[in-house]
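This report examines a metal site and the packing around it. Which residues hold the metal, and how do the neighbouring elements meet?

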Amino acid sequence: MNTLFRTVLLGALMLCGGTSYSAPAGEPRKVIVDTDPGADDAMAILLALNSPELDVKALTVVPGNVTAAQGLQNALKLVSLANRCEIPVAAGAQHPLFQKLITAEYWHGANGLGNIELPSAKCHADSRFAPDLIIELVHMYPHEITLLPVGPETNIALAVLKDPSIVPLVKEVIVMGGSISGGNVNASAEANIYNDPEAAEIVFNAGWPLTMVGLDVGDRTLFTKRHLAQLQSCGPQSDFAASVLKFMVDLWGQETGGAAMYDPLAVGVAIDAALVTTQKMRVDVETRGEFTRGETVANRHNAVERDVLHGDRFVIEAVDTLQPNVRVCVAVHAETFLQMFISRLSGK
Ligand SMILES: [Ca+2]
């Protein structure tokens with residue numbers, strides 16, 4: 001081996017090693033990622049699979065960005081890419097609870113993965129129905145499972161409807177969805193909630209600890225061309241991630257200069273809650289409004305005036321306190337998170 005070649009090889013090895021991110025020590029957190037993959041879902045899944053703080057117990061697939069069938073194929077290809085066939089990948093709902101599915105190939109490419117083709121899946125789908133698998137795993141690991149829904153809430157709602165006894169047994173639900181300052185589908189609604197508002201209403205009101213990683217904090221985690229240059233492409237996962245991220249930056253970043261890392265941020269919060277600041281709020285999901293169906297309506301003061309009828313008018317007699325049901329993310333250490341993402345994917 002000549003000196004130049006050895007130097008280049010050594011340099012490549014060092015480059016491919018990635019940098020480390022230090023997250024809280026302890027037992028890996030058991031998570032179920034409920035996903036509609038989806039370009040940013042793919043990045044979220046690869047982040048989860050490459051993070052030692054997380055023990056991914058299952059991927060459950062929900063229709064949203066793509067159809068249920070396309071999403072299942074994508075999820076299987078992703079676990080195949082990561083050589084993680086031991087993780088169950090289960091199909092679930094085929095459509096939202098009460099409305100027609102709205103798919104988003106417009107934003108995610110015809111195949112949902114930024115038109116980047118992966119090899120055929122070598123992993124096979126689990127035969128269990130996704131909501132049943134969620135129920136089974138929650139009972140198998142009481143108080144240990146964190147649910148990570150990063151698509152519409154349909155599968156999670158079906159699990160709660162079928163077996164409400166899982167609610168007190170779930171450690172936490174970290175939702176990518178909603179917003180407290182306007183939507184992306186339209187003026188008011190964020191896409192995951194808009195795609196199944198009734199399901200979201202069930203999940204938000206179930207009574208479990210729920211953290212909302214909304215559109216408005218995700219919008220601050222912009223993956224830019226500068227970040228793309230940092231992502232070292234020396235393995236199949238990082239090569240795929242770089243291609244998908246380039247698609248996202250080019251399409252999603254036309255106005256902002258970068259791709260918002262919505263779903264990966266929810267995984268990031270599961271890895272290290274200190275990446276975000278949360279505020280407890282009462283959040284209701286609008287299921288009827290003329291312009292606001294699918295909006296997450298947050299009461300920042302957890303209070304509502306009590307109006308009492310006196311003759312022909314109502315009179316405010318008191319202010320009643322509302323019990324908050326959601327920890328709403330209101331701030332994010334965006335660059336810290338983006339560097340964690342890059343370090344986890346680099347060289348993989
Ligand atoms: Ca998603």
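In this predicted model, Asp36 is buried, with a relative accessible area of 1%. Val150 likewise counts as buried, at 2% relative accessibility. Both residues coordinate the calcium ion, together with Asp41 and Asp263, at 2.2 to 2.5 Å. Asp41 is listed twice through OD, while Val150 contributes O. Along the chain, the donors follow the spacing D-x4-D-x108-V-x112-D. Asp36 and Val150 link distant parts of the chain, being 114 residues apart.

The table places these two donors.

| Residue | Relative accessible area | Location |
|---|---|---|
| Asp36 | 1% | loop between β1 (29-35) and α2 |
| Val150 | 2% | loop between β4 (145-149) and α6 (154-162) |

Helix α2 (residues 39-49) also packs against helix α13 (residues 334-345), at an angle of about 70° and with the axes 9 Å apart. Because angles of 65 to 115 degrees count as roughly perpendicular, α2 is roughly perpendicular to α13. On the α2 side, Met43, Leu46 and Leu47 take part; they meet Phe337, Met340, Phe341, Arg344 and Leu345 of α13. By class, this contact comprises seven nonpolar residues, one charged residue and no polar ones.

Met43 and Phe341 recur in the largest nonpolar core, which has 68 residues. These two, with Phe223, Phe240, Leu245 and Met248, touch the most other members. Beyond its neighbours within four places in sequence, Met43 is in contact with Phe240, Ala241, Val244, Leu245, Met248, Pro264 and Phe341. Another core, of 36 residues, lies apart from it and includes Ile135, Ile166, Val175 and Val326.

Conventions: Residues numbered from 1 in each chain as written. Predicted model: local features only at pLDDT ≥ 70, side-chain atom pairs only at ≥ 80, totals over all residues. Heavy atoms only, no water. Axes fitted to C-alpha atoms, helices over the stretch in contact; angles between N-to-C directions. Helix = DSSP H or I, 4+ residues; strand = E, 2+ residues; numbered from the N terminus. Parallel < 35°, antiparallel > 145°, perpendicular 65-115°, else oblique. Contact = heavy atoms within 4.5 Å. Nonpolar A, V, L, I, M, F, W, Y, C, P; charged D, E, K, R; others polar. Core = buried A, V, L, I, M, F, W, Y, C linked by side-chain atoms within 4.5 Å. Buried < 20%, exposed > 50% of the residue type's maximum accessible area, 1.4 Å probe, protein only. Donors = N, O, S within 2.8 Å, 3.2 Å for Na, K, Ca; no water.
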